[in-house]
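Trainee: I am new to this structure and would like to find my way around it. Could we go through it together, one question at a time?
Mentor: Gladly; here it is.

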Amino acid sequence: MTHANPLAPEAVVAVVGTGAMGAGIAQVAAQAGHPVKLLDNRPGAAEKAVEGIRAQFAKMAEKGKLTVEAAAAAGARLQPVSELAELADCALVVEAIVENLEAKQKLYADLEVIVGADCIFGTNTSSISVTAIGAALKRPERLAGLHFFNPAPLMALVEIVSGLATERAVAETLFATAAAWGKTPVHAKSTPGFIVNRVARPYYAEALRLAQEGAADYATIDACCREAGGFRMGPFELMDMIGHDVNFAVTNSVWRAFYNDQRFLPSLLQQELVDAGFYGRKNGRGFYDYREGAAKPVAASEAAQPVPGKITICGTSTVANALAARLAAAGVAYTQQVSADGRVAEADGAVLYVTDGRSATRRAAETGIGNCVLLDLALDYAKSTRLALAAATQAEMAAVNAAVGLLQAAGFQVSRFADVPGLAVMRTVAMLANEAADAVNQGVCSAAGADQAMRLGVNYPQGPLAWADQIGVAAVRDVLANLADSYGEDRYRISPLLHQAVFAGRKIHD
Ligand SMILES: NC(=O)c1ccc[n+]([C@@H]2O[C@H](COP(=O)([O-])OP(=O)(O)OC[C@H]3O[C@@H](n4cnc5c(N)ncnc54)[C@H](O)[C@@H]3O)[C@@H](O)[C@H]2O)c1
C-alpha cells in the first residue's frame, strides 16, 4: 500500500448537501483546519447548517473539548455559498445530497467543468454504486466513496470506497485525509452495501428468522444478544431505533443488488411492520410499543431451580473452565473429568454441550444422549450475565431443570429457547463471520478492514473474523454446515475463505 499525503489543512473542502450527514462532515473538516464551503439547494439550509455547527463548536468549548479560540477559529472557517461556481478553488468536494443516482451524477458532472484538475470528489452515498456515479464523469478516476457514519462527528469509521475507475492515489489521499481528520478509514471496493451495510445484514436477518420460528420473544433474543453476545443493542431494539422503513429498504436494496441471494433475503416479519406503518421508535411502535403507558419489554428467564446434587465439569474448554471458575466463586461443589465427546458439563443426568448448529433433538437422536442440553455462545463465558439454552424433545424435565440449576448456580440468568438450530448468539456470529469472510474473499476489503469496520461502524464488541478465530474456524464451519443441513438453504453456504482456513489449519487472522 502506498502512503499518500493527506490534503493540507489549508486546502478548501466543499460539502454539498448540508442535511444530517453533510453538516456533520463539514464540522469534522472545519475542526481539522480546512476552510469549508457549504452548499445546499434548499434556500437557507447551508446558513442554518453553519449556525448549527458553530453552536456545536461553542458547546464543545463549554465542555472543555476545544479551547474557546479553537472553537471560534473552526467556526470562522465555515462559509455558506449559494452557487456551484463558488466551489472552483476546492481540493475536495464531499457530496451528501439526496440518495439518488441521477442527482449525484448531475452534481459531479456539473462540478467537473468548474473545479481544477486535481480536485477530488468524495461521495457519501450509502447504497449507490460509486462506479455508476463515476460513469457520468469525464474523469471518473477522481471520484471515490467517502462514507461516513451517523453522526459523522462521533463515529470513527469512514469507508473509502473505490469504484472500477477510481485511481488508487485518489483513494489513498482520501484515506490519509480521513485519518488526519481523526477518523479510522478502511478501504472497500464498490459492491452492494460496501462493508458495514453488507456484513451487518445477518444481525437482523437471523434474529428475524429466530423470532419467526418462535425460538423466543423479541425481548429475550435482544437480552441474549446484549448480555451473552456483548452487542450494545439487541437486533430488535436496534431495528426499532434505525426505523423499519430505513432498515427494510437497506435490506431490500442489498438483496436485490446481489440478484436475490438468499443470504440477504428480507423478512416477512419486517415487511408486516412496514405495511402497518410501525416504523419503530420514531412513530411509537415497532417490535416494541413506545407509546405512553406501554409496558416495558422483559426478557424471559427460567424460574429458580435447586442446585443439582451432582455437577461434573467436563474437559478444559473455555466454557468448561468458565463454568468451573464461576461455580467455585459461588462456593458450589463440582467434580471434574475429561470430555470425550465435547460435552462441557453434566448435572443430575443432563449432558451440556455448546451448540454446533444442530438442534438438541437431532443431536440427541444422533448420539443416543436423550438428556442433551445445548448452550449458546457467549462473548465471554466468564463474565456474561445471561445464557440461552435449548433442550432435546427427548430430554426429561428433571434433567433440563438440573441444567438450568447448574447455570443459575454459576450466576447466569437462563433463557430457554425452543429447540432451534444454532440458538441466537452462535448462529448470528457464525453468519456475521461468514459474510465478512465472503467480503474478504471477494476482494471487497481486508480481514483487518472488515473487523475494524464492524467494530467502529456498528459498535460490535469484536470483529466477526477475530471472533470466528476465537471460537475456532472449524467450529464456525460446523455451525454453518449444520444450519445448511437443517434448513436445506443456500443462505447458510460456507464462504470459501472459511473453508480454506479450516483445511489449512489456520486462523483467518494468521
Ligand atoms: N443518514 C444516515 O444515516 C446516512 C449515513 C451515511 C450516509 N448517508 C448518505 O448521505 C447522504 C445524505 O443523507 P442525509 O441523511 O444527510 O440526508 P438529508 O436529507 O438530511 O440531507 C440531504 C441534503 O441535501 C440537500 N440536497 C438534495 N439534493 C441536492 C442537490 N442536488 N444539490 C444540493 N443539495 C441537495 C437537501 O436539501 C438536504 O439538505 C445520502 O446519500 C445518504 O444515503 C446517510
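Trainee: How are α11 and α12 set to each other, oblique or roughly parallel?
Mentor: Keep in mind that this is a predicted model. In it, α11 and helix α12 (residues 268-276) pack at an angle of about 135°, with their axes 9 Å apart. Angles over 145 degrees would count as roughly antiparallel and 65 to 115 as roughly perpendicular, with those under 35 roughly parallel. The angle of this pair is in none of those ranges, so α11 and α12 are oblique.

Trainee: Which hand does the crossing of α11 and α12 have?
Mentor: We have just met this pair, whose axes are 9 Å apart. The crossing of the two helices, α11 and α12, is left-handed.

Trainee: Which residue in the loop between α11 and α12 should I look at?
Mentor: Here a general point helps: most residues other than glycine have a negative phi. One residue in this model has a positive phi of about 55° although it is not a glycine. The residue found in the loop between α11 and α12 is Tyr259.

Trainee: Which element gives the largest share of the lining of the largest pocket?
Mentor: The pocket has a volume of about 1200 Å³, and 41 residues line it. Elements that give two or more residues to this lining are α1 (20-31), β6 (143-148), α7 (196-199), α8 (201-212), α10 (235-242) and α11 (244-257). The largest share, 5 residues, comes from α11.

Trainee: How do the residues of that lining divide into nonpolar, polar and charged?
Mentor: Start at the centre of the largest pocket, where Phe149, Asn150, Asn197, Ile242 and Val246 lie nearest. Taking the lining of the largest pocket as a whole, its residues divide into 23 nonpolar, 13 polar and 5 charged.

Trainee: What joins Asn150 and Pro151?
Mentor: Asn150 is among the residues nearest the centre of the largest pocket. Pro151 has its place in the loop between β6 and β7 (157-162). In general, most peptide bonds are trans. With omega at about -5°, what joins Asn150 and Pro151 is a cis peptide bond.

Trainee: Between which domains does the second largest pocket lie?
Mentor: The chain is divided into domain 1 (13-190), domain 2 (198-283), domain 3 (311-416) and domain 4 (426-504). The second largest pocket has a volume of about 550 Å³, and Ser317, Val319, Val354, Ile471 and Ala475 lie nearest its centre. Two domains both give residues to its lining, so the pocket lies between domain 3 and domain 4.

Trainee: Which element gives the most to the lining of the second largest pocket?
Mentor: This pocket is lined by 27 residues, which divide into 12 nonpolar, 9 polar and 6 charged. At least two residues each come from α13 (318-329), β12 (350-354), α18 (464-471) and α19 (473-487). With 3 residues, the element that gives the most is α19.

Trainee: Which element gives the most to the lining of the largest cavity?
Mentor: About 50 Å³ of space lies in this cavity. Its lining includes Arg201, Tyr204, Thr251 and Gln270, and divides into 6 nonpolar, 3 polar and 1 charged. With 4 residues, the element that gives the most is α8.

Trainee: What distance separates the centres of domain 1 and domain 3?
Mentor: Domain 1 covers 13-190 and domain 3 covers 311-416. Taken over C-alpha atoms, their centres are separated by 52 Å.

Notes:
Residues are numbered from 1 along each chain as its sequence is written. This is a predicted model: local features need pLDDT of at least 70, side-chain atom pairs count only at pLDDT 80 or more; totals for chains, interfaces and linings use all residues. Side-chain values use heavy atoms; hydrogens and water are left out. On a 1 Å grid over the protein atoms alone, a cavity is a set of points where a 1.4 Å probe fits but cannot get out, and a pocket is an open set with protein on both sides within 12 Å along at least five of seven lines; lining residues have an atom within 4 Å of a point. Grid points are joined across faces, edges and corners, and a volume is the space filled by probe spheres set on the points. Ala, Val, Leu, Ile, Met, Phe, Trp, Tyr, Cys and Pro count as nonpolar, Asp, Glu, Lys and Arg as charged, and the others, Gly among them, as polar. Domain bounds come from an automatic or database domain assignment. Axes are lines fitted to C-alpha atoms, for helices over the stretch in contact, and angles run from 0 to 180 degrees between N-to-C directions. A crossing is left-handed if the near helix is turned anticlockwise from the far one by less than a right angle, and right-handed if clockwise.
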